[in-house]
Amino acid sequence: MGRRYDGRVIETPRKRVLLAKPRGYCAGVDRAVQTVEEALKLYGAPIYVRKEIVHNKHVVTTLQAKGAIFVEENEEVPEGSTVIFSAHGVAPVVHDQARERNLKAIDATCPLVTKVHHEAKRFAAEDYDILLIGHEGHEEVIGTSGEAPEHIQLVDGPEGVDAVTVRDPSKVVWLSQTTLSVDETMETVAKLKEKLPLLQSPPSDDICYATQNRQQVMKQIAPECDVILVVGSRNSSNSVRMVEVAVNAGARQGHLIDFAHEIDPGWLADATTVGLSSGASVPEELVTEVLARLAELGFADVEEVVTVQERLTFSLPQELKRDMKAAAAS
């Protein structure tokens with residue numbers, strides 16, 4: 001299809017969307033959101049949730065409308081009430097505080113984050129210095145650090161390596177936040193190993209499968225894209241990293257948006273190919289709304305690019321499953 005100009009037919013570039021898959025909810029987020037929903041059904045509103053259950057505006061406001069009350073600390077939860085801990089994990093002191101206030105605590109920590117907590121405890125028990133690669137102030141980093149504060153020091157990217165000091169260079173291990181950029185983490189590890197040649201690696205990869213999969217498909221589509229759109233909130237580490245990965249892999253520009261109405265048509269003015277994905281805490285309905293908006297803007301041709309099929313699921317927290325079973329039996 002083309003248009004005539006000066007006697008010649010000039011082809012109009014086909015406007016298209018490359019829709020990345022995997023995208024959206026990971027198993028840990030699905031479990032955490034379902035935990036709040038099932039707790040509301042079982043115990044009734046209100047249910048208190050310490051911190052955002054996952055880092056997504058839409059998910060939080062949707063759960064608030066159903067009766068969830070989000071608080072920053074256990075002190076804000078009335079004594080004897082039910083509190084759910086977020087997918088990002090908490091330090092042991094948070095569990096202690098919940099017991100002191102006689103709170104019914106349900107731990108929705110992602111099992112992959114729990115794995116890193118167990119690694120931290122094990123290496124601390126063996127008197128290792130632990131270098132935790134992550135972003136200062138992130139809830140996951142705070143929770144992991146709380147497992148062994150005397151043994152853990154944070155390394156916030158390659159630029160944090162120079163400040164690292166250890167007691168015994170032969171007893172050092174690195175762990176990482178689960179939602180980091182794989183490439184930046186490996187760059188940090190390489191720099192650490194220059195300084196500490198005997199640095200040990202965790203027994204298995206700490207960066208979660210979903211984070212890696214979403215970054216990998218970004219790398220695949222980015223070189224073909226004029227614009228990359230990632231649906232996700234600004235406090236979502238994995239969503240922010242996806243935009244960075246896309247731009248580093250060759251996309252001309254990348255934007256993080258929460259909702260379809262945030263798309264600036266000016267971003268697409270000279271674009272023929274738009275890449276679209278979503279962070280691991282984003283429900284698919286938000287992606288569907290973005291696709292509808294892109295169609296309005298002339299990008300109705302959608303091509304899904306699939307790199308891997310995700311089939312992992314996690315069961316609900318034991319304390320919730322136990323109560324659900326008892327309620328079903330009564």
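Hi everyone. Let me start with a pair of helices: helix α1 passes helix α10 in a left-handed crossing. Keep in mind throughout that this is a predicted model. Two packed helices are described by the angle between their axes and the distance between the axes, so here are both values for this pair. The axes of α1, residues 27-43, and α10, residues 318-329, come within 11 Å, and they cross at roughly 35°.

Which residues make that contact? On the α1 side you'll find T35, E38, A39, L42 and Y43, and they meet E319, L320, D323, M324 and A327 in α10. Sorted by class, the contact has six nonpolar, one polar and three charged residues.

Now let's step back to the whole chain. There are 330 residues, and buried residues make up 50% of them. The secondary structure comes to ten helices and 14 strands. The C-alpha trace spans about 80 × 60 × 30 Å along its principal axes. For those of you who like contact maps: among contacts with a separation of 6 or more, 74% come from residues 24 or more positions apart.

On to the sheets. One is an open sheet of five strands with parallel pairing, in the order β12-β11-β13-β3-β14. Why do β12 and β14 each have one side without a neighbour in the sheet? They stand at the edges, each with a single partner strand, so one side of each is left free of a neighbour there. On average, neighbouring strands of this sheet are turned by 25° against each other, direction ignored. If you want to look at one pairing in detail, try β11, residues 227-231, which runs parallel to β12 and is joined to it by five bridges. In that pairing, V231 stands opposite I257 in β12.

Two helices deserve a mention with this sheet. Helix α7, residues 209-221, packs on it and touches β3, β11, β13 and β14, with its direction at about 150° to that of β3. Helix α9, residues 284-296, lies across β3, β11, β12, β13 and β14, and runs at about 165° to β13.

There's another open sheet, with four strands in the order β5-β4-β6-β7, and its pairing is parallel too. Here β5 and β7 are the edge strands, each pairing on one side only. Its neighbouring strands are turned by 30° against each other on average, direction ignored. β4 and β5 pair in the parallel sense over four bridges, and R50 stands opposite V71 in β5.

Next, the cores. In soluble globular proteins, nonpolar side chains tend to be buried together. In this model the largest nonpolar core has 28 residues, and V36, V49, I53, V54, L63, F70 and I84 touch the most other members. The elements that give two or more residues to this core are α1, β4, α2, β5 and α4. So where does our opening helix come in? α1 gives the most to this core, with six residues.

F70 is a good one to click on. Leaving aside its neighbours within four places in sequence, F70 is in contact with V49, K51, E52, I53, V60, L63 and Q64. There is also a second, separate core of 20 residues, which includes V227, L286, L294 and F299.

One last residue before we finish: A190, found in helix α6, residues 182-195. Buried or partly exposed? A190 counts as partly exposed, because its relative accessibility is 40%. A190 and P158 are 32 residues apart in sequence, and their C-alpha atoms are 8.8 Å apart in space. Thanks for listening!

Conventions:
Residues numbered from 1 in each chain as written. Predicted model: local features only at pLDDT ≥ 70, side-chain atom pairs only at ≥ 80, totals over all residues. Heavy atoms only, no water. Axes fitted to C-alpha atoms, helices over the stretch in contact; angles between N-to-C directions. Left-handed = near helix turned anticlockwise from the far one by under 90°. Contact = heavy atoms within 4.5 Å. Nonpolar A, V, L, I, M, F, W, Y, C, P; charged D, E, K, R; others polar. Pairing = 2+ DSSP bridges. Core = buried A, V, L, I, M, F, W, Y, C linked by side-chain atoms within 4.5 Å. Buried < 20%, exposed > 50% of the residue type's maximum accessible area, 1.4 Å probe, protein only.
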